[in-house]
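Open the model in your viewer and set it to cartoon, with side chains available on demand. The stops below go from one selection to the next.

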Amino acid sequence: CASTDGLSKRIYKVDIYKHVGNTDTLEWKSITSDLAITGASKVFYVDGKVFVFAQNDEEQSVMTLAEADDAQTWSKPVSIPVDNGSIVLFNNSFYGLGNDGLIYYSAPEQLGTTWTKASDQKVERLLAADAYYLYAYDGTAIIGSSDLNTWSIEGTKDLEMLPETSIN
């Protein structure tokens, strides 16, 4: 490598390595786990933990979790008072639909065991959440709320095409 004065120079040795591997392929590692749930489940990754909302053998809605770096050891599944198929993650809390048609929430730091009423708005289904709104179906329209107090109508067409459970 020559310098700007044209007289000085320094020699560098460079090693070049070629990556050998298939970067277009995901490789899954099979692990043994003590997780015992049945049916469809909702899975969320929050703050280094994997939360699973599903059903137990008695078809009750339950929640279990594991540390993301050791998904072999799961917490004992605990019953939750919301429909496991309705769970959405919004503003870093879990929201689910209770049997009374009301929305309840649980913060991840409560490990899904404490559920508190989030809104007096009755809904038939929770649909989805994005960075700004939680969306639900109230029987007549798709409604949305950023604070779960004030709800606005977001759509009234093609309601028969709405999903049966929430979308994540």
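Select residues 142–145 and 152–155: these are strand 11 and strand 12, which pair in the antiparallel sense over 3 bridges. Strands here are DSSP runs of E with at least two residues, numbered from the N terminus, and two strands pair if DSSP finds at least two bridges between them. The model is predicted, so local features need pLDDT of at least 70 and side-chain atom pairs count only at pLDDT 80 or more, while totals for chains, interfaces and linings use all residues. Residues are numbered from 1 along each chain as its sequence is written, and side-chain values use heavy atoms, with hydrogens and water left out.

Stay on this pair and pick Ile-142; its bridge partner in strand 12 is Gly-155. The two strands form a hairpin with 6 residues between them. In that turn, click Leu-148, which has a positive phi of about 65°. Then move to the segment after strand 12 and find Asp-158. Asp-158 is not a glycine, yet has a positive phi of about 55°.

Next, select residues 88–90, which are strand 5; strand 5 pairs with strand 6 in the antiparallel sense over 3 bridges. Phe-90 stands opposite Ser-93 in strand 6. The two strands make a hairpin with 2 residues between them. Which residue in this turn has a positive phi? Asn-91 does, at about 50°, although Asn-91 is not a glycine. Asn-91 counts as exposed, with 51% relative accessibility. (Exposed means over 50% relative accessible area, buried under 20%, and partly exposed in between, with a 1.4 Å probe and protein chains only.)

Now select residues 93–97, strand 6, where 5 of the 5 residues are buried. Color the two faces separately: Ser-93, Tyr-95 and Leu-97 lie on one side, Phe-94 and Gly-96 on the other, and both faces are covered.

Add residues 103–106, which are strand 7; strand 6 and strand 7 pair in the antiparallel sense over 4 bridges. From Tyr-95, go across to Tyr-105, its bridge partner in strand 7. This hairpin has 5 residues between the strands, and Gly-101 takes a positive phi near 80°.

For the last stop, display the open sheet of 4 strands, ordered 1-2-3-4 with antiparallel pairing. Strand 1 (38–46) and strand 4 (78–79) are the edge strands, each pairing on one side only. Select residues 61–67 to see strand 3, which 2 bridges join to strand 4. Val-62 stands opposite Ser-79 in strand 4.
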